[in-house]
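Trainee: Hey, got a minute? I'd like to go through this fold with you.

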Amino acid sequence: AVPARYRSMEQASRFQGLMRGFPREARGPPPRFVRQPLDHFAKNTSTWAQAYYVNDTFFQPGSAAPVFLCVGGEGPPLDGSAVVSSVHCNVAVEWLPETGALMFAIEHRFYGCHNASACPVANLSVPGALETLTSRQALRDIANFVSYAKREYGLTSANRWVTFGGSYPGMLAGWARLLFPDLIFASVSSSAPVRAELDMKGYYNVVAEAYAVEHQRVGGSAACREAIAEGHRKIGELFEEASGRERLASLFGNDAAWYAAEANQREFAGWGVAEFPAQSNDPACTTAMCDIAKICAVMTNSSTGDEVDRLAHVRRGQMQGATAIELGSAPVREEPTPGYDNGAQLWGWQTCNEFGFYQTCERGTECFFTQGLVTLESEMSFCSSDFGMSRATVEANIAATNAYYGSDKPAGSRVFYVNGEVDPWHANSINRPLSSDMPALWVSGASHHFWTHPSLTSDQESVVAARLKIREQVLSFLSFNEAVTI
């Protein structure tokens, strides 16, 4: 089965309650639907109903106001909140009153299969059902939607389209501009790892680097990073001796014999013996051990014991705090597509078929967990078991993706790449300007597209500044003098 960590690029926690939940809550306008071909590259194909959402509160028909398109992805699930208030594209939503823009959000194919009426196929468990779940098909959905919306809403070439998205949707937002410059005028591509990669060692390398970041209220330090690494190194040694396994049992629970099995060692320490947020780091969080600063306060406190004792303290604090947190609200009543299984297989399929992104913690890297347990073989084994794809096939798929989109050196213009310093996905993104027409913004101390979330008074100064810089850059893009025709 596809591991939970490969069901979305938006990080999930092993401890319920520590990370943001993705509740299915009915908020914002109801969905509308556009018919899309199942296969844009086939002559004869069936169609399906793709959900989209509209916020026209501030838009004056017949005006030359821009159109903002929030691109959906693999998670959190898209609903009407995407055009009102959500983590997806709020940097655009909050700008609507000033710009008078018309805003749309479009759901990604297959990720709406929690609602059978908006799923491209009738049964997800049928062999071959996922063949058209690809970024190339999704981009054609976007192009088709833009053409449809122009007709449906009476838009002209004076209404310039700007795509927004974070994470995988950020990849799509940028690629939509590069592939369809006649339809998409500009793009803001946030936290988008545009360079596909099989063995993504950089992910956990950046996690370790994040725990040495002090500024912007991150609260890390070099001593903290080293203490976490040393604690996990010692745990690797404790696995090897009976007395060591006894110590682990006394500190962390389970029988001592449990720690002798490699699979259990991997589950326990391969991804860290506790949750170490970097991608999801929020300096304003209030629960125990919920961010880098709180974890580092413990990991640099020698009075708690040695580094292993401190790791146990962090884990206990997280597990105790998790029971008190409620993650969501009453779910929307929907009839999922047969075989949907909460979408467990969908993003996993895309990693095997297009992107890779298998996050390893191998010996000799900067990963500060117990090295050598989380290997490429262990991370991508589901490609073979679930989808029948060999390593060679996956490698070829990744090479094809990079060749098609240009990896981290794409050709084009008017795409703004924005990345956060403590976000591990920046390892595969574009962090420096490619040209004057392809600028980039580095957000000091920021986590995964945090600037696309609703604004709060507790936001880091760098995140607040990033939102302003995005507005400035989009205005600069929109002011580009290009012949406008009806």
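Mentor: Sure, let's talk about the sheet and then some helices, keeping in mind that this is a predicted model.

Trainee: Cool. In what order do the strands of the open sheet come?

Mentor: The order is E1-E2-E4-E3-E5-E6-E9-E10, so to speak a row of 8 strands, and the pairing is mixed.

Trainee: And which strands stand at the edges?

Mentor: Those are E1 (32-37) and E10 (440-443). Each has a single partner strand, so one side of each is left without a neighbour in the sheet.

Trainee: What does the twist average from one strand to the next?

Mentor: It averages 20°.

Trainee: Let's zoom in on E5 and E6. How many bridges join them?

Mentor: There are 5, between residues 161-166 of E5 and residues 186-190 of E6, and the two strands run parallel. Phenylalanine 164 stands opposite valine 188 in E6.

Trainee: Now helices. Which strands does H14 lie across?

Mentor: H14 (residues 461-478) lies across E5, E6, E9 and E10, running at about 175° to E9. Helix H3 (residues 135-152) lies across E1, E2, E3, E4 and E5, at about 125° to E1.

Trainee: What about H4 and H11, at what angle do they pack?

Mentor: About 45°, with their axes 14 Å apart. That makes H4 and H11 oblique to each other, and their crossing is left-handed.

Trainee: Which residues make the contact?

Mentor: H4 brings Tyr168, Met171 and Trp175, while H11 brings Trp347, Gln350 and Phe355. They divide into 5 nonpolar, 1 polar and no charged.

Terms used. Residues are numbered from 1 along each chain as its sequence is written. This is a predicted model: local features need pLDDT of at least 70, side-chain atom pairs count only at pLDDT 80 or more; totals for chains, interfaces and linings use all residues. Side-chain values use heavy atoms; hydrogens and water are left out. Two strands pair if DSSP finds at least two bridges between them. Helices (H or I, at least four residues) and strands (E, at least two) are DSSP runs, numbered from the N terminus. Axes are lines fitted to C-alpha atoms, for helices over the stretch in contact, and angles run from 0 to 180 degrees between N-to-C directions. Contact means heavy atoms within 4.5 Å. Angles under 35 degrees count as roughly parallel, over 145 as roughly antiparallel, 65 to 115 as roughly perpendicular and the rest as oblique. A crossing is left-handed if the near helix is turned anticlockwise from the far one by less than a right angle, and right-handed if clockwise. Ala, Val, Leu, Ile, Met, Phe, Trp, Tyr, Cys and Pro count as nonpolar, Asp, Glu, Lys and Arg as charged, and the others, Gly among them, as polar.
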